[in-house]
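Hi,

Here is the model we talked about, handed over for you to open alongside this note. My notes on what turned up follow below.

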Number of protein chains: 6
Amino acid sequence: MSASPRPSGRAPDALRDVAIIPGFARHAEGSCLIRMGGTEVLCAASVEARVPPFLRNSGQGWVTAEYGMLPRATHTRGDREAARGKQSGRTQEIQRLIGRSLRAVVDRAALGEMTITLDCDVINADGGTRCAGITGAWVALNLALRHLMRMNVLKTLPLTGQVAAVSCGLVGGQAVLDLDYAEDSSADADANFVLTDGGGIVEIQGTAEKAPFTEPQFHELMVLAKLGTRKLFEIQRQAVEAA
Amino acid sequence: MSASPRPSGRAPDALRDVAIIPGFARHAEGSCLIRMGGTEVLCAASVEARVPPFLRNSGQGWVTAEYGMLPRATHTRGDREAARGKQSGRTQEIQRLIGRSLRAVVDRAALGEMTITLDCDVINADGGTRCAGITGAWVALNLALRHLMRMNVLKTLPLTGQVAAVSCGLVGGQAVLDLDYAEDSSADADANFVLTDGGGIVEIQGTAEKAPFTEPQFHELMVLAKLGTRKLFEIQRQAVEAA
Amino acid sequence: MSASPRPSGRAPDALRDVAIIPGFARHAEGSCLIRMGGTEVLCAASVEARVPPFLRNSGQGWVTAEYGMLPRATHTRGDREAARGKQSGRTQEIQRLIGRSLRAVVDRAALGEMTITLDCDVINADGGTRCAGITGAWVALNLALRHLMRMNVLKTLPLTGQVAAVSCGLVGGQAVLDLDYAEDSSADADANFVLTDGGGIVEIQGTAEKAPFTEPQFHELMVLAKLGTRKLFEIQRQAVEAA
Amino acid sequence: MSASPRPSGRAPDALRDVAIIPGFARHAEGSCLIRMGGTEVLCAASVEARVPPFLRNSGQGWVTAEYGMLPRATHTRGDREAARGKQSGRTQEIQRLIGRSLRAVVDRAALGEMTITLDCDVINADGGTRCAGITGAWVALNLALRHLMRMNVLKTLPLTGQVAAVSCGLVGGQAVLDLDYAEDSSADADANFVLTDGGGIVEIQGTAEKAPFTEPQFHELMVLAKLGTRKLFEIQRQAVEAA
Amino acid sequence: MSASPRPSGRAPDALRDVAIIPGFARHAEGSCLIRMGGTEVLCAASVEARVPPFLRNSGQGWVTAEYGMLPRATHTRGDREAARGKQSGRTQEIQRLIGRSLRAVVDRAALGEMTITLDCDVINADGGTRCAGITGAWVALNLALRHLMRMNVLKTLPLTGQVAAVSCGLVGGQAVLDLDYAEDSSADADANFVLTDGGGIVEIQGTAEKAPFTEPQFHELMVLAKLGTRKLFEIQRQAVEAA
Amino acid sequence: MSASPRPSGRAPDALRDVAIIPGFARHAEGSCLIRMGGTEVLCAASVEARVPPFLRNSGQGWVTAEYGMLPRATHTRGDREAARGKQSGRTQEIQRLIGRSLRAVVDRAALGEMTITLDCDVINADGGTRCAGITGAWVALNLALRHLMRMNVLKTLPLTGQVAAVSCGLVGGQAVLDLDYAEDSSADADANFVLTDGGGIVEIQGTAEKAPFTEPQFHELMVLAKLGTRKLFEIQRQAVEAA
């Protein structure tokens, strides 16, 4: 790994500055604002004492997510999805991904018949919003579950581990970690990795933006992702302790 | 004015703590986060070099607004309007009000054929979100116009004054200023006043929530509104200077 | 009050010719066609023996309204909202206003768990349709409630009074009553007043269409509104007696 | 033809009382209220100086229709289609039928590149609303075209004849003309006939509501339809002359 | 009947080649692919053990239909209705027709409280898709009902007969049977006949595409329709036996 | 690789029977029906001589895809998306994937300013529909491009290679190739691989359905995918030659 400097001056294997500020949404059972460089996502966990029809009387809970982007989170203003009357395919794809990622570390039987909805709303966008959403949502979820324990609704924390996500990509022939918008738009390929602190893979989404990429390149990206998420797990733990 | 203490302990004619933090939306030409007690609204101004069809070739600009509330801005989670596929009547009513209010202090001929869209997104809601939106939107608008002046797009600031808004209400028989959610839900009447620093009335919306109210009561509310907006004008000016 | 003659030749404090024809919608429990000059609104009250979820088992009834405009009620044909697939913000704002106005004079506990829906459909539009809708809807509501008394569903009339509405405005510097379309489009300010026969204020909506207006101007408008609604209350009573 | 008396006491071959009142929609280029017994439909013709894309530069005009029913036109209140956000299949089927029927008697080359939209809105419904709509729409269209002649937009009337419609049905084994709602709901079969004053067939829609019907029965219905429309053509002519 | 040869070279009273291939939709309780010349429609019958609200506790079943066209079933690609977000008026009209036609030969009391949905999806379109849909749907329905008999859900086949449909039209002055797309687009009039094997009429829809047509012309079309459906009934029976 | 037999009796590295039948959609410029075991997808390529706004005057073409599933393609009938009024998140995710996958092997400059839309409609579903869609869409695209060459619209084939897709998964602890529905619903993890005949990776989507999976497991899946797509490339070539 070498060469062509990144627009931000970061080393190829450097995350952007990451901060997780717990408690940003005052009414939510758990919440945080996660900041990864110029990207800011507000993650809020809401608890409801009911489950979707397909889980009724199953004794199992549900975790789901919704994703949105404020119209002026981006460089030029985007349409407000509520005004347009429907969510884009991109939005739906992202919120399905966030929900699946969180469910992978939840013991839904231990949760019981409750639904936790994670709202991930992008306040400022500079690349990697879906990954920031997953990483922040885990903190919001954790805080909401701890709240339920304090309320004596839960006896134990129904989490099997931590989950975090990071994007990696091939930019100018080089594998780099945690793409910002400038890199993302010029990448030859990018991949989002959703990993657990136990070393497990929850989700991999790799896409060739221009030409197909090779298996060795893909492995380089995975090495970076493991490195990056290791740091994110540490920051998640600090945020939860600080809350 | 006397008697029954407000839930917050405020005097009947006291505003909540107000703060206006400029620049919260990094990509917007002008923006601020306005905080009025537990209510926080992110206001972002976006400039486009085109006008709606009815103004083409008129030499006049346009100012409009959109309003939204994050699903967990409130005590219990609300539906995401984008997911439901339409904006509620309440949302549409509010965004029409914000747009009208701002236009009342804009010299649209001096602006020229540009559109400025004010996005007011409620991050945390504790009553008075539409009034906070108007007061904050004026700051975002002002900052965006100053940006256009620095860019040499505008020679002069196409504003004829300041506009700010505050709610007043009759709670437990007493006229009070700047209702929070607890007061708003128990008020006998409430009224939103949109006023200019020149003493003009831009919009008045008074509603009897329970029984009809009287003219003298209505005048009491207006006195409070003039008092409250006077302070808001000062805070707006400080925010613009600080930016 | 003096000077510049109104397009219609009316005195500044003169209503247009008003007629309320009861029974226009044959199937409705109560209905009327209200005509204010060139404006005609068909108001129909429909009774259902159930309430919205938030009132179930509360012992209280509900009164709500829907508003529509036939596509060719106006000078040039407008889109049919059903074809466009959604109601405009203006439509929603108006129907919410009509519902609130009527509820202000209904004793919902005395009504019991029934819903009355007021449909206000504009057949011909020449300004002031929302005010005509409120004034006519009260008659339709009253007739529907009397029908329920005749059917022995209600023992007493669950109304605490009359409600009527009128628009006033500043046109060419002069305060005038009951604006028609020509005046409405050239007004500097206009205000809708929803008042009760007991002298109470139910709703005030004042809007500066061009420049802000002053408090004394606003009071002039209110004086006219009280004058105008006094006449409307009389016409409402005659219509109910005639039915 | 004999026997079982109709609920209304009419002879099997008797139309209901028919009245066509021209000019009901004040702003429309042509309009009428058509009343057939308890059914009332407001028909308004709107002229626009443009055609749909598929006719541009063809030298041909277009005639189309929209249909609606006020929520309380019926015995029990129906949903407002604008509120529900879409037109029912029934509504679309009817408005397509009305448009086709009118186009069958319009010389679209003589009309030139203009669009005439016929709005048929049901004020009170007691069966046969689509037929009343067609019969009334022809009058509204005729009046609009005459208006265009008076304005010197058209030199000649671009109509090739009259068109009117009536429903017939098999009720209790008997063929009857012009079904009201009570008959319509109990009919074994019903058929709508859209015929021209020249004896031509524009549209036939016959439907077995219960069991299939026979060819001779179908011919009986057609005999009645010719009889009924003959009277409607006369009433249409009187209405046009009266206007 | 003579003269001007049809584009396909068929005799005026000749159907196109018809084939009905049972079992095309592998999961459906009954299905077939019907091919009429270049038109191919996949018909699938789905059984559910519940009825719409208006039939609950009536002891009666329901039969309904949905219709769709693959975007590239036609000469130029059409919009995907799912992407556009609504079904066209034409689609709704056709699916209502198919449902009514099938119900005319179903003994809904013998069916009991079940719903059978017929999905008719056009794979390739060359005219007459709604008629092919009805003819094929009867086969799919029949097969689904036989499946229910084999499953001991039904004791007897709740069908009162066969139903099939064919279009006829006036093309170049001549009455012809079973129009293909080329004929359909140039026809002066066309009519769809839905008939039963017992000689009954279920539905007739005749439309003048250009000028009105005459009664004798209409009778000519009906003669052809009876001839055509007689052949279709035979092909339906063969398909059911082959299954 | 060993052990627990697959429900279908296939070896872990065996594809289902695959057939690609060219020309199924008669009007499309290129089309095929691809069958992979019980899954059948109709792929049709439509050519239009225009590009989306963001590519106008770029000299580059566009390739996009739409995906749908017939309501009764599945074991129990699903809602028709056109009737429900919107496409599910799953549908949008899949059609975005198909479009991206095809674009990865298209030389869009060589294509020029044309759009090719691939419609992938599932006739019968038994797992792996998105992968079958991609593999079949490449054939339809290829045939459409050859058609454009025969029409002298293109001089050369603007394809840089073949693209095909296959799903792999961990079922009962074993890595298996080309999951059918039974395996898909019980898999611990599944991954879709979109690969090129040149050995490149276009897209990888791996998802832990239950617990996270490991890197070695992921590599096993990739080995299978390369094996499977090698066979699919061969079948694609045969289909194109046969056409």
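Helices here are DSSP runs of H or I with at least four residues, numbered from the N terminus. Bear in mind as you read that this is a predicted model.

With that in hand, let's start with Met149(F). This residue sits in helix α4 of chain F, which spans residues 129–150. Met149(F) comes out as partly exposed, with a relative accessibility of 28%. Which residues does Met149(F) contact once neighbours within four places in sequence are set aside? They are Leu154(F), Lys155(F), Thr156(F) and Leu157(F).

Next, the loop that runs between α4 (129–150) and β6 (163–171), in chains A and C. In chain A, this loop holds Asn152(A), whose phi is near 65 degrees, a positive value in a residue other than glycine. Asn152(A) is exposed, at 56% relative accessibility. Over in chain C, Asn152(C) lies in the loop between α4 (129–150) and β6 (163–171). Its phi is also positive, near 65 degrees, and again the residue is not a glycine. Asn152(C) counts as exposed too, with a relative accessibility of 57%.

Now the cysteines. How many disulfides are there over all chains? The count is zero, going by a cut-off of 2.5 Å between cysteine sulfur atoms. Take Cys168(A): the nearest cysteine sulfur belongs to Cys131(A) and is 8.2 Å away, so with the cut-off at 2.5 Å Cys168(A) is in no disulfide. Cys168(A) is buried, with a relative accessible area of 0%. For Cys32(C), the nearest cysteine sulfur is that of Cys43(C), at 4.6 Å, and Cys32(C) is in no disulfide either. Cys32(C) is likewise buried, its relative accessible area being 0%.

Last, a look at how two of the chains are arranged. A turn of 180 degrees, with a shift of 0.0 Å along the axis, lays chain E on chain F with an RMSD of 0.0 Å. The two copies are therefore related as by a two-fold rotation axis. As for the interface, 100% of the interface residues of chain E are also interface residues in chain F, so the copies meet through the same surface.

If you want a place to begin, try the contacts of Met149(F) with Leu154(F), Lys155(F), Thr156(F) and Leu157(F), then go on to the positive phi of Asn152(A) and that of Asn152(C).

Cheers

Terms used. Residues are numbered from 1 along each chain as its sequence is written. Chains are lettered from A and ligands numbered from 1 in the order in which they are written. This is a predicted model: local features need pLDDT of at least 70, side-chain atom pairs count only at pLDDT 80 or more; totals for chains, interfaces and linings use all residues. Side-chain values use heavy atoms; hydrogens and water are left out. Buried means under 20% relative accessible area, exposed over 50%, partly exposed in between (1.4 Å probe, protein chains only). Copies are superposed by least squares on the C-alpha atoms of residues with pLDDT of at least 70 in both. Contact means heavy atoms within 4.5 Å. Helices (H or I, at least four residues) and strands (E, at least two) are DSSP runs, numbered from the N terminus.
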